[in-house]
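Reader: Could you walk me through one part of this model up close? I'd like the loop-to-helix stretch, with the cysteines and the overall chain for context.

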Amino acid sequence: MSSTSTTELSEKDKELYDRQIRVWGVEAQMRMQSCFVLVSGLHGVNCEVIKNLVLAGINVMIQDDRNIEMMDYGSNYFIGMNDVGKTLASSSLDNIKLLNNNTRVECEIRPLKNLD
């Protein structure tokens with residue numbers, strides 16, 4: 001994140017999030033940028049949710065322990081054809097990060113049941 005303090009946004013953030021700030025204000029944007037959201041499963045609507053969260057400046061943890069199969073290409077636009085057999089979360093990570101340099105995007109490949 002590039003916020004200069006907890007009470008103001010940097011000029012870069014103000015420019016990047018200008019439309020959002022006009023809708024819900026600076027305070028709401030700052031609160032969103034301090035959030036960290038877990039999205040479990042990189043399929044279907046979750047990919048769209050992740051894209052929208054990251055573009056809005058919300059930090060995201062993506063979790064999916066499944067390996068990529070051919071059917072995943074119809075619902076996940078963050079993976080490439082050479083990713084078959086790799087985990088969805090780790091293969092999607094770099095392309096998700098490209099959406100917004102100001103957000104923190106991390107991945108977790110362990111199954112949910114194995115997490116605290």
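Author: Let's fix one term before anything else: buried means under 20% relative accessible area, exposed means over 50%, and partly exposed is whatever falls in between. Keep in mind that this is a predicted model. With those cut-offs, Cys35 counts as partly exposed because its relative accessibility is 34%. Cys47 is another story: its relative accessibility is 0%, so Cys47 counts as buried. Cys47 is in no disulfide, and the nearest cysteine sulfur belongs to Cys107, 14 Å away. A disulfide would need two cysteine sulfur atoms within 2.5 Å, so Cys47 and Cys107 don't make one. In fact, the structure holds zero disulfides.

Now for the stretch you asked about. Thr87 sits in the loop between β2 (59–63) and α4 (88–97). Thr87 has a relative accessibility of 15%, so this loop residue counts as buried. What does Thr87 touch, leaving aside residues up to four places away in sequence? The list is Asp64, Asp65, Arg66, Asn67, Ile68 and Ile109. There's also a side-chain link to look at: a polar contact of 2.3 Å joins Thr87 and Ser90.

Carry on into α4 and you'll find a set of buried residues: Leu88, Ala89, Ser91, Ser92, Leu93 and Ile96. If you're wondering about the spacing, an α-helix has 3.6 residues a turn, so residues three or four places apart point the same way. As for partners, the buried residues of α4 pack against α3 (45–55), β2 and β3 (105–108).

Zooming out, the protein chain has four helices and three strands. Along the sequence they run α-α-β-α-β-α-β. Among contacts in the protein chain with a separation of 6 or more, 49% are between residues 24 or more positions apart. Of the chain's 116 residues, 41% count as buried.

A few whole-chain numbers to finish. The C-alpha atoms fill a box of roughly 45 × 30 × 20 Å along the principal axes. The chain exposes about 6,900 Å², and carbon and sulfur atoms supply 54% of that area. On the charge side, there are 12 positive and 16 negative charges, and their mean positions are 2 Å apart.

Terms used
Residues numbered from 1 in each chain as written. Predicted model: local features only at pLDDT ≥ 70, side-chain atom pairs only at ≥ 80, totals over all residues. Heavy atoms only, no water. Buried < 20%, exposed > 50% of the residue type's maximum accessible area, 1.4 Å probe, protein only. Helix = DSSP H or I, 4+ residues; strand = E, 2+ residues; numbered from the N terminus. Contact = heavy atoms within 4.5 Å. Areas by Shrake-Rupley, 256 points an atom, 1.4 Å probe, with all protein chains shown as cover. Lys, Arg positive; Asp, Glu negative; His and termini not counted. Charge placed at Lys NZ, Arg CZ, Asp CG, Glu CD. Polar contact = N/O pair within 3.5 Å; in protein donor to acceptor, adjacent residues only side chain to side chain.
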